Amino acid sequence: KTYTHTISAFPLREYRYDEPVVARSFLGMPSKIYPYASVIQRTLSDLLMYDRAYWLVTERTFDGYPSSIEVMRVEDVIDTPPVYVGIQENYQPPADPFYYLARQVPTRDVIKFYGSGEGGWLANGATAILTAAALESATLMYSSTPIPTVALKNSGPDLPAEQVEALLNAWEEARENRGTAYLNNTIDAQVMGFSARDVALVENKNIAAIAIARLANLDPVWVGAAIPGSSLTYSNRTDLYRGLLDTALRPVMSLVEQRLSMPDVTPRGRTIKFDTTAFLRANPTET
(Lines give C-alpha, C1' and ligand atoms only; values in the text may rest on other atoms or scores of the structure.)
Protein backbone atom coordinates (compact mmCIF):
# COMPACT_ATOMS: atom_id res chain seq x y z
CA LYS A 1 0.00 0.00 0.00
CA THR A 2 2.92 2.35 0.60
CA TYR A 3 3.72 1.98 -3.09
CA THR A 4 0.34 1.50 -4.73
CA HIS A 5 -1.77 3.93 -2.70
CA THR A 6 0.84 6.68 -2.63
CA ILE A 7 1.73 6.56 -6.33
CA SER A 8 -1.92 6.31 -7.38
CA ALA A 9 -2.47 9.73 -5.76
CA PHE A 10 0.02 11.30 -8.21
CA PRO A 11 -1.63 12.46 -11.46
CA LEU A 12 0.04 11.72 -14.79
CA ARG A 13 1.27 14.75 -16.72
CA GLU A 14 2.34 15.05 -20.36
CA TYR A 15 5.36 16.99 -21.57
CA ARG A 16 6.70 17.97 -24.98
CA TYR A 17 10.46 18.47 -24.88
CA ASP A 18 10.24 19.00 -21.10
CA GLU A 19 7.55 21.66 -21.47
CA PRO A 20 4.13 20.79 -19.97
CA VAL A 21 1.24 20.40 -22.41
CA VAL A 22 -2.43 19.64 -21.96
CA ALA A 23 -2.59 15.98 -21.02
CA ARG A 24 -4.80 13.67 -23.02
CA SER A 25 -7.98 12.55 -21.27
CA PHE A 26 -6.61 9.00 -21.47
CA LEU A 27 -4.01 9.84 -18.81
CA GLY A 28 -6.64 11.04 -16.36
CA MET A 29 -9.17 8.30 -17.06
CA PRO A 30 -7.46 5.33 -18.73
CA SER A 31 -10.39 2.98 -18.09
CA LYS A 32 -14.12 3.39 -18.53
CA ILE A 33 -14.75 0.82 -15.79
CA TYR A 34 -12.30 1.66 -13.00
CA PRO A 35 -11.27 5.09 -11.70
CA TYR A 36 -7.71 6.29 -12.24
CA ALA A 37 -6.45 5.36 -8.76
CA SER A 38 -7.82 1.83 -9.05
CA VAL A 39 -6.11 1.29 -12.43
CA ILE A 40 -2.74 2.49 -11.11
CA GLN A 41 -3.03 0.44 -7.91
CA ARG A 42 -3.84 -2.77 -9.79
CA THR A 43 -1.01 -2.16 -12.25
CA LEU A 44 1.59 -1.43 -9.58
CA SER A 45 0.46 -4.38 -7.47
CA ASP A 46 1.12 -6.80 -10.34
CA LEU A 47 4.36 -5.03 -11.26
CA LEU A 48 5.73 -5.34 -7.73
CA MET A 49 4.50 -8.83 -6.97
CA TYR A 50 5.12 -10.51 -10.34
CA ASP A 51 7.66 -8.19 -12.01
CA ARG A 52 5.25 -7.50 -14.89
CA ALA A 53 1.85 -5.98 -15.56
CA TYR A 54 -0.51 -5.78 -18.54
CA TRP A 55 -3.01 -3.38 -20.06
CA LEU A 56 -5.33 -4.35 -22.88
CA VAL A 57 -6.18 -1.53 -25.27
CA THR A 58 -9.94 -1.56 -25.84
CA GLU A 59 -10.33 1.72 -27.78
CA ARG A 60 -8.04 3.96 -29.84
CA THR A 61 -8.08 7.53 -31.07
CA PHE A 62 -8.33 8.42 -34.75
CA ASP A 63 -4.51 8.47 -34.99
CA GLY A 64 -4.10 5.03 -33.42
CA TYR A 65 -3.10 5.85 -29.86
CA PRO A 66 -4.87 4.21 -26.88
CA SER A 67 -7.89 6.03 -25.49
CA SER A 68 -9.21 3.32 -23.16
CA ILE A 69 -7.67 0.24 -21.57
CA GLU A 70 -8.53 -2.73 -19.38
CA VAL A 71 -6.14 -3.95 -16.68
CA MET A 72 -5.25 -7.59 -17.28
CA ARG A 73 -4.23 -9.21 -14.00
CA VAL A 74 -1.12 -11.37 -14.24
CA GLU A 75 -2.97 -14.48 -13.07
CA ASP A 76 -5.24 -14.20 -16.12
CA VAL A 77 -2.51 -13.73 -18.75
CA ILE A 78 -0.33 -16.28 -20.54
CA ASP A 79 2.56 -14.76 -22.45
CA THR A 80 3.36 -17.91 -24.41
CA PRO A 81 0.70 -20.63 -24.62
CA PRO A 82 1.67 -23.97 -23.03
CA VAL A 83 1.18 -25.68 -26.38
CA TYR A 84 4.32 -23.93 -27.62
CA VAL A 85 6.53 -24.98 -24.73
CA GLY A 86 9.22 -27.34 -25.98
CA ILE A 87 9.03 -26.28 -29.63
CA GLN A 88 12.13 -26.43 -31.78
CA GLU A 89 14.58 -23.58 -31.30
CA ASN A 90 14.45 -22.58 -34.96
CA TYR A 91 10.65 -22.48 -35.00
CA GLN A 92 9.14 -19.09 -34.27
CA PRO A 93 6.09 -18.79 -31.98
CA PRO A 94 2.94 -17.26 -33.45
CA ALA A 95 2.70 -13.49 -33.89
CA ASP A 96 0.15 -13.12 -31.08
CA PRO A 97 1.43 -15.03 -28.03
CA PHE A 98 -0.82 -13.29 -25.48
CA TYR A 99 -3.76 -15.20 -24.05
CA TYR A 100 -6.12 -13.42 -21.65
CA LEU A 101 -8.88 -15.34 -19.87
CA ALA A 102 -8.29 -18.22 -22.31
CA ARG A 103 -8.77 -16.07 -25.40
CA GLN A 104 -6.08 -14.85 -27.75
CA VAL A 105 -5.50 -11.10 -27.90
CA PRO A 106 -3.40 -9.28 -30.51
CA THR A 107 0.09 -8.27 -29.42
CA ARG A 108 -0.42 -4.71 -30.69
CA ASP A 109 -3.28 -4.28 -28.22
CA VAL A 110 -1.22 -5.32 -25.18
CA ILE A 111 0.76 -2.75 -23.18
CA LYS A 112 3.19 -4.76 -21.07
CA PHE A 113 4.97 -3.12 -18.16
CA TYR A 114 8.34 -4.65 -17.40
CA GLY A 115 9.85 -4.87 -13.92
CA SER A 116 13.46 -5.12 -12.80
CA GLY A 117 13.86 -8.69 -14.05
CA GLU A 118 14.30 -10.16 -10.56
CA GLY A 119 11.00 -12.04 -10.61
CA GLY A 120 8.98 -9.84 -8.26
CA TRP A 121 8.47 -9.88 -4.52
CA LEU A 122 6.58 -13.18 -4.51
CA ALA A 123 9.64 -14.88 -6.01
CA ASN A 124 12.68 -13.25 -4.44
CA GLY A 125 10.93 -12.45 -1.16
CA ALA A 126 9.24 -15.80 -0.57
CA THR A 127 11.17 -16.60 2.61
CA ALA A 128 10.44 -13.24 4.26
CA ILE A 129 6.78 -13.38 3.24
CA LEU A 130 6.25 -16.96 4.45
CA THR A 131 7.97 -16.18 7.75
CA ALA A 132 5.71 -13.17 8.32
CA ALA A 133 2.65 -15.23 7.39
CA ALA A 134 3.66 -18.02 9.80
CA LEU A 135 4.05 -15.50 12.62
CA GLU A 136 0.59 -14.08 11.85
CA SER A 137 -0.84 -17.60 12.06
CA ALA A 138 0.93 -18.17 15.36
CA THR A 139 -0.44 -14.88 16.68
CA LEU A 140 -3.96 -15.90 15.73
CA MET A 141 -3.51 -19.28 17.43
CA TYR A 142 -2.23 -17.73 20.66
CA SER A 143 -5.02 -15.13 20.56
CA SER A 144 -7.67 -17.84 20.49
CA THR A 145 -5.74 -20.06 22.93
CA PRO A 146 -3.55 -17.73 25.00
CA ILE A 147 -2.03 -20.54 27.08
CA PRO A 148 0.19 -23.43 25.93
CA THR A 149 -1.46 -26.62 24.73
CA VAL A 150 -3.21 -28.48 27.54
CA ALA A 151 -3.50 -32.27 27.65
CA LEU A 152 -6.07 -33.90 29.92
CA LYS A 153 -4.66 -37.10 31.40
CA ASN A 154 -7.11 -39.74 32.59
CA SER A 155 -5.79 -41.91 35.45
CA GLY A 156 -8.91 -44.04 35.56
CA PRO A 157 -10.41 -46.48 33.05
CA ASP A 158 -10.37 -45.50 29.38
CA LEU A 159 -13.37 -43.52 28.22
CA PRO A 160 -15.32 -44.11 25.02
CA ALA A 161 -14.54 -41.76 22.15
CA GLU A 162 -17.83 -39.90 22.46
CA GLN A 163 -17.21 -39.21 26.15
CA VAL A 164 -13.68 -37.98 25.42
CA GLU A 165 -15.08 -35.61 22.79
CA ALA A 166 -17.72 -34.34 25.21
CA LEU A 167 -15.09 -33.82 27.92
CA LEU A 168 -12.83 -31.80 25.61
CA ASN A 169 -15.74 -29.68 24.39
CA ALA A 170 -16.84 -28.99 27.95
CA TRP A 171 -13.27 -28.05 28.94
CA GLU A 172 -12.84 -25.58 26.05
CA GLU A 173 -16.27 -24.03 26.62
CA ALA A 174 -15.57 -23.62 30.32
CA ARG A 175 -12.20 -21.96 29.66
CA GLU A 176 -13.92 -19.35 27.50
CA ASN A 177 -16.10 -18.37 30.45
CA ARG A 178 -13.85 -19.01 33.46
CA GLY A 179 -10.09 -19.15 33.95
CA THR A 180 -10.28 -21.53 36.92
CA ALA A 181 -10.85 -25.23 36.28
CA TYR A 182 -12.00 -28.06 38.56
CA LEU A 183 -10.44 -31.51 38.16
CA ASN A 184 -11.41 -34.75 39.87
CA ASN A 185 -9.05 -37.44 41.12
CA THR A 186 -8.88 -39.20 37.73
CA ILE A 187 -8.39 -36.24 35.38
CA ASP A 188 -5.16 -34.25 35.45
CA ALA A 189 -4.27 -31.23 33.28
CA GLN A 190 -0.76 -31.16 31.82
CA VAL A 191 0.69 -28.17 30.00
CA MET A 192 2.60 -28.82 26.78
CA GLY A 193 4.41 -26.57 24.28
CA PHE A 194 5.39 -22.92 24.64
CA SER A 195 3.63 -19.75 25.62
CA ALA A 196 3.51 -16.62 23.45
CA ARG A 197 6.20 -15.06 25.65
CA ASP A 198 8.43 -18.13 25.27
CA VAL A 199 8.43 -17.89 21.47
CA ALA A 200 8.88 -14.08 21.58
CA LEU A 201 6.09 -13.37 19.11
CA VAL A 202 6.24 -9.60 19.47
CA GLU A 203 10.00 -9.46 18.88
CA ASN A 204 9.91 -11.92 16.01
CA LYS A 205 7.03 -10.11 14.29
CA ASN A 206 9.04 -6.91 14.44
CA ILE A 207 12.04 -8.67 12.90
CA ALA A 208 9.79 -10.11 10.18
CA ALA A 209 8.42 -6.63 9.45
CA ILE A 210 11.97 -5.29 9.08
CA ALA A 211 12.70 -8.13 6.64
CA ILE A 212 9.64 -7.13 4.60
CA ALA A 213 10.81 -3.50 4.62
CA ARG A 214 14.23 -4.61 3.39
CA LEU A 215 12.57 -6.60 0.59
CA ALA A 216 10.46 -3.59 -0.41
CA ASN A 217 13.40 -1.16 -0.13
CA LEU A 218 11.51 0.87 2.49
CA ASP A 219 12.41 2.54 5.75
CA PRO A 220 11.05 0.22 8.50
CA VAL A 221 8.77 2.99 9.73
CA TRP A 222 6.58 2.48 6.64
CA VAL A 223 5.73 -1.09 7.72
CA GLY A 224 5.26 -0.23 11.38
CA ALA A 225 8.54 -1.80 12.48
CA ALA A 226 10.51 -0.31 15.36
CA ILE A 227 14.28 0.07 15.37
CA PRO A 228 15.88 0.88 18.74
CA GLY A 229 17.14 4.45 18.88
CA SER A 230 15.09 5.75 15.96
CA SER A 231 12.13 8.14 16.14
CA LEU A 232 9.81 9.97 13.75
CA THR A 233 9.16 13.61 14.53
CA TYR A 234 7.45 16.46 12.74
CA SER A 235 10.82 18.05 11.93
CA ASN A 236 12.08 15.07 9.95
CA ARG A 237 8.79 14.06 8.34
CA THR A 238 9.50 16.05 5.17
CA ASP A 239 12.90 14.37 4.86
CA LEU A 240 11.17 11.01 5.33
CA TYR A 241 8.82 11.75 2.43
CA ARG A 242 11.73 12.86 0.26
CA GLY A 243 13.65 9.69 1.11
CA LEU A 244 10.60 7.54 0.34
CA LEU A 245 10.16 9.19 -3.04
CA ASP A 246 13.82 9.13 -4.09
CA THR A 247 14.87 5.67 -2.94
CA ALA A 248 11.66 3.63 -3.14
CA LEU A 249 8.88 5.18 -5.21
CA ARG A 250 10.88 6.84 -7.99
CA PRO A 251 12.41 3.65 -9.50
CA VAL A 252 8.98 1.99 -9.64
CA MET A 253 7.31 5.11 -11.02
CA SER A 254 9.94 5.26 -13.77
CA LEU A 255 8.93 1.79 -14.95
CA VAL A 256 5.41 3.10 -15.61
CA GLU A 257 6.42 6.54 -16.87
CA GLN A 258 8.93 5.27 -19.43
CA ARG A 259 6.59 2.54 -20.70
CA LEU A 260 3.77 5.03 -21.22
CA SER A 261 6.23 7.35 -23.00
CA MET A 262 7.04 4.74 -25.66
CA PRO A 263 5.80 5.47 -29.21
CA ASP A 264 3.04 2.84 -29.21
CA VAL A 265 1.29 4.78 -26.40
CA THR A 266 2.46 8.39 -26.71
CA PRO A 267 3.34 10.48 -29.80
CA ARG A 268 7.05 10.94 -30.40
CA GLY A 269 8.62 13.92 -28.69
CA ARG A 270 6.28 13.64 -25.71
CA THR A 271 6.90 12.04 -22.31
CA ILE A 272 4.69 11.01 -19.42
CA LYS A 273 5.58 11.67 -15.78
CA PHE A 274 3.89 11.46 -12.38
CA ASP A 275 3.33 14.84 -10.71
CA THR A 276 4.72 14.63 -7.16
CA THR A 277 4.65 18.35 -6.40
CA ALA A 278 1.98 18.25 -3.69
CA PHE A 279 3.60 15.27 -1.98
CA LEU A 280 6.83 17.15 -1.32
CA ARG A 281 5.37 20.39 -0.05
CA ALA A 282 6.27 20.88 3.58
CA ASN A 283 3.02 22.18 5.07
CA PRO A 284 -0.72 22.44 4.32
CA THR A 285 -0.43 26.15 3.39
CA GLU A 286 1.98 25.37 0.54
CA THR A 287 -0.13 22.40 -0.54
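These legends describe close-up views of aromatic rings in a predicted model.

**View 1. Tyr3 pairs with Trp121.** Seven aromatic pairs turn up in a search of the whole structure. In one of them, the ring centres of Tyr3 and Trp121 are 5.6 Å apart. Their planes meet at 70°, so this pair is edge-to-face. The two residues come from distant parts of the chain, 118 residues apart. Tyr3 sits in the segment before helix H1 (4–7), while Trp121 belongs to helix H4 (residues 121–124). Both Tyr3 and Trp121 are buried.

**View 2. Phe10 pairs with Phe279.** This aromatic pair is also edge-to-face, with 65° between the planes. Centre to centre, the rings of Phe10 and Phe279 are 5.4 Å apart. Again the pair links distant parts of the chain, here 269 residues apart. Phe10 lies in the loop between H1 and strand S1 (12–16). Phe279 lies in helix H9 (residues 277–280). Is each ring's residue buried or exposed? Buried means under 20% relative accessible area. Phe10 has 5% relative accessibility, so Phe10 counts as buried. Phe279 has a relative accessible area of 18%, so Phe279 is buried too.

**View 3. Four residues form one aromatic cluster.** Phe10 and Phe279 appear here again. Trp222 and Tyr241 join them in the cluster.

**View 4. Arg42 lies over Tyr34.** Here the partner of the ring is an arginine. Arg42 is placed over the face of Tyr34, 4.3 Å from the ring centre.

**View 5. Lys273 lies over Tyr15.** Lys273 sits over the face of the Tyr15 ring. The distance to the ring centre is 5.8 Å.

Terms used. Residues numbered from 1 in each chain as written. Predicted model: local features only at pLDDT ≥ 70, side-chain atom pairs only at ≥ 80, totals over all residues. Heavy atoms only, no water. Phe/Tyr/Trp six-rings, centres within 6.5 Å; stacked < 30°, edge-to-face > 60°. Helix = DSSP H or I, 4+ residues; strand = E, 2+ residues; numbered from the N terminus. Buried < 20%, exposed > 50% of the residue type's maximum accessible area, 1.4 Å probe, protein only. Lys NZ or Arg CZ within 6 Å of the ring centre and 35° of its normal.
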